[in-house]
Amino acid sequence: MSAQNEMGGRVALRLSRGKDFSLDVDFELLSTGITVLFGPSGCGKTTILRSVAGLERARGIVKIGDELWQDSDKGVFVPTWQRSLGYVFQEASLFPHMTARENIQFGLKFGRGGSSRDRIDEAVELLGLSKLLNHRPYELSGGEQQRVSIARALVLNPKILLMDEPLSALDWSRRQEIMPWIEKIRDELQIPVLYVTHSAEEVARLADFIILIENGVITKRGPASRLICEISAPVEIETDRVSFLHGRISGTDEKYALACVRLDSGGTLWIPSARTEPGEEVRVKIFARDVALSRTAEAASSIQNSLECTVRDIEPDVSPAQSLVDLTCGSSRLMARITRRAAENLGLEKGQKVWALIKTAALSV
Ligand SMILES: Nc1ncnc2c1ncn2[C@@H]1O[C@H](COP(=O)(O)OP(=O)(O)OP(=O)(O)O)[C@@H](O)[C@H]1O
């Protein structure tokens with residue numbers, strides 16, 4: 001996660017569509033990393049993106065980096081074609097008769113500045129497209145097509161990347177395929193990304209900062225690590241519930257190839273140390289099936305990780321033999337899948353303090 005605290009812009013918009021809808025938002029953007037706009041259908045997310053792009057005539061201010069694109073009080077309104085932005089839509093919308101390379105090059109017709117060849121190389125490298133460049137859209141999966149459309153947006157060398165539900169047209173396996181590429185963009189691209197989604201999974205995996213919107217106004221905003229548990233229970237992946245805990249690598253144990261993560265929500269976790277550096281921000285993915293529960297802190301077992309939690313709820317599982325235990329862990333949420341018998345033997349009830357025991361070997365970032 002590369003999000004810095006410096007600001008990458010400001011968006012302050014007001015718009016009214018008769019009695020039915022009005023928008024009144026004012027927020028700052030991180031200079032890098034993904035700011036997610038999250039909220040129910042019709043709350044105004046797309047209208048915000050379109051207004052930032054200059055496709056919608058809201059009143060207000062749009063400042064991205066050091067460029068002022070709109071200031072209604074001063075009569076400033078830079079037309080869309082002069083705004084240096086990349087826009088990725090739900091559908092990849094590639095030209096069917098063009099190869100992936102030609103589709104990416106097409107983006108350059110609208111770009112400005114820099115060496116076009118370098119920018120194509122960078123976008124192709126960033127999105128892992130080098131082997132697919134001569135393929136036409138019908139020879140690409142939905143996820144690969146969407147990667148091409150993101151590369152097409154990036155060759156413009158934009159000041160901001162706008163992504164409007166870019167994964168919602170893809171099925172589950174295609175979303176899993178493309179998600180790591182969007183994580184890579186989040187971590188490596190040095191521009192703000194404004195990302196609209198309905199999906200709690202995308203928020204959990206991708207967001208650095210979250211803006212919650214309802215009926216055209218912001219109801220909450222904050223870093224993803226703090227807000228994530230307020231918008232969703234842990235999400236469903238590969239038929240298991242998955243929680244994401246945010247933290248920072250605080251040290252490594254090279255002898256055992258482990259890294260220690262200091263969690264934002266309190267406590268520490270040991271994880272396999274592959275690809276991690278001290279100081280690096282990580283979000284640890286924890287499947288409910290890998291979490292056991294104990295009523296005491298000290299459990300003499302092979303499990304290295306023990307987090308103090310409070311039982312929030314106990315839900316029936318799809319299997320009658322199991323229960324899903326929804327836990328609060330500091331400011332985060334964690335899900336455990338245990339047998340119903342174990343839940344009864346432990347006498348679990350809402351509000352009770354327990355320790356979540358998590359297998360190190362099962363963890364990944
Ligand atoms: N071109 C338009 N003309 C009139 N009303 C519109 C137009 N586009 C959107 N709206 C209305 O404005 C409101 C906000 O729409 P918007 O598309 O921004 O919501 P959204 O949060 O992106 O929704 P979704 O998640 O369903 O895409 C809705 O009530 C919608 O019906």
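This report describes the fold, the nonpolar cores, the salt bridges and the aromatic pairs of a predicted model.

**Overall composition**

The chain has 365 residues, of which 54% are buried, and its secondary structure comes to eight helices and 21 strands. Among the contacts in the chain with a separation of 6 or more, 66% are accounted for by residues 24 or more positions apart.

**An open five-stranded sheet**

Five strands form an open sheet in the order 17-21-18-19-20, and their pairing is antiparallel. The edges of this sheet are strand 17, residues 291-294, and strand 20, residues 332-339, each of which pairs on one side only. Averaged over the sheet and with direction ignored, neighbouring strands are turned by 45° against each other. As a general point, the strands of a sheet pair through backbone hydrogen bonds, in either a parallel or an antiparallel manner.

Within this sheet, strand 18 (residues 305-316) and strand 21 (residues 353-358) run antiparallel and are joined by six bridges. One of the residue pairings can be named explicitly: leucine 307 has alanine 356, in strand 21, as its bridge partner.

**Nonpolar cores**

The largest nonpolar core holds 43 residues, and the members that touch the most other members are Ile104, Ile150, Leu154, Leu161 and Ile182. Helix 4 supplies the largest share of this core, namely five residues. A second core, separate from this one, has 30 residues, including Leu13, Ile48, Leu49 and Ile160.

For isoleucine 150, when residues up to four places away in sequence are not counted, the residues touched are Val88, Leu127, Met163, Ile178, Ile182 and Ile185. One of these, Ile182, is itself listed with Ile150 among the core members that touch the most others.

**Salt bridges**

The structure holds 16 salt bridges, three of which are set out below with the N to O distance of each pair.

| Salt bridge | N to O distance |
|---|---|
| Lysine 159 – glutamate 67 | 3.8 Å |
| Glutamate 177 – arginine 174 | 2.9 Å |
| Lysine 350 – aspartate 313 | 3.7 Å |

The side chains of lysine 159 and glutamate 67 meet in a salt bridge. Lysine 159 lies in the loop between helix 4 (142-154) and strand 8 (160-164), whereas glutamate 67 belongs to strand 5 (residues 67-71), so this pair ties together parts that are 92 residues apart in sequence. With a relative accessibility of 30%, lysine 159 counts as partly exposed, because that class covers values between the buried limit of under 20% and the exposed limit of over 50%.

The pair of glutamate 177 and arginine 174 has another setting, since both residues lie in helix 5 (residues 172-188), three residues apart, which is about one turn of the helix. Glutamate 177 is partly exposed at a relative accessible area of 25%, and arginine 174 is likewise partly exposed, at 31%.

The salt bridge between lysine 350 and aspartate 313 returns the description to the five-stranded sheet, in which strands 18 and 21 take part. Lysine 350 lies in the loop between helix 8 (340-345) and strand 21, and aspartate 313 lies in strand 18, so the pair ties together parts that are 37 residues apart in sequence. Lysine 350 is exposed, with a relative accessible area of 57%, whereas aspartate 313 is partly exposed, with 26%.

Salt bridges also link Arg17, Arg50 and Glu56 in a network.

**Aromatic pairs**

Two aromatic pairs are found in a search of the whole structure. Tyrosine 87 and phenylalanine 89 form a stacked pair, with 4.4 Å from centre to centre and 10° between the planes. Tyrosine 87 is buried, with a relative accessible area of 14%, while phenylalanine 89 is partly exposed, with 43%.

The rings of phenylalanine 95 and phenylalanine 106 have centres 4.7 Å apart and planes at 65°, so this pair is edge-to-face, a class that requires planes over 60 degrees apart. Phenylalanine 95 lies in the loop between strand 7 (85-88) and helix 2 (100-108), phenylalanine 106 lies in helix 2, and the two are eleven residues apart. The relative accessible area of phenylalanine 95 is 31%, which means that this residue is partly exposed.

Methods:
Residues are numbered from 1 along each chain as its sequence is written. This is a predicted model: local features need pLDDT of at least 70, side-chain atom pairs count only at pLDDT 80 or more; totals for chains, interfaces and linings use all residues. Side-chain values use heavy atoms; hydrogens and water are left out. Two strands pair if DSSP finds at least two bridges between them. Helices (H or I, at least four residues) and strands (E, at least two) are DSSP runs, numbered from the N terminus. Axes are lines fitted to C-alpha atoms, for helices over the stretch in contact, and angles run from 0 to 180 degrees between N-to-C directions. A salt bridge is a side-chain nitrogen of Lys or Arg within 4 Å of a carboxyl oxygen of Asp or Glu. Buried means under 20% relative accessible area, exposed over 50%, partly exposed in between (1.4 Å probe, protein chains only). A nonpolar core is a set of buried Ala, Val, Leu, Ile, Met, Phe, Trp, Tyr and Cys residues joined through side-chain atoms within 4.5 Å. Contact means heavy atoms within 4.5 Å. Rings of Phe, Tyr and Trp (its six-membered ring) pair if their centres lie within 6.5 Å; planes under 30 degrees apart count as stacked, over 60 as edge-to-face and the rest as tilted.
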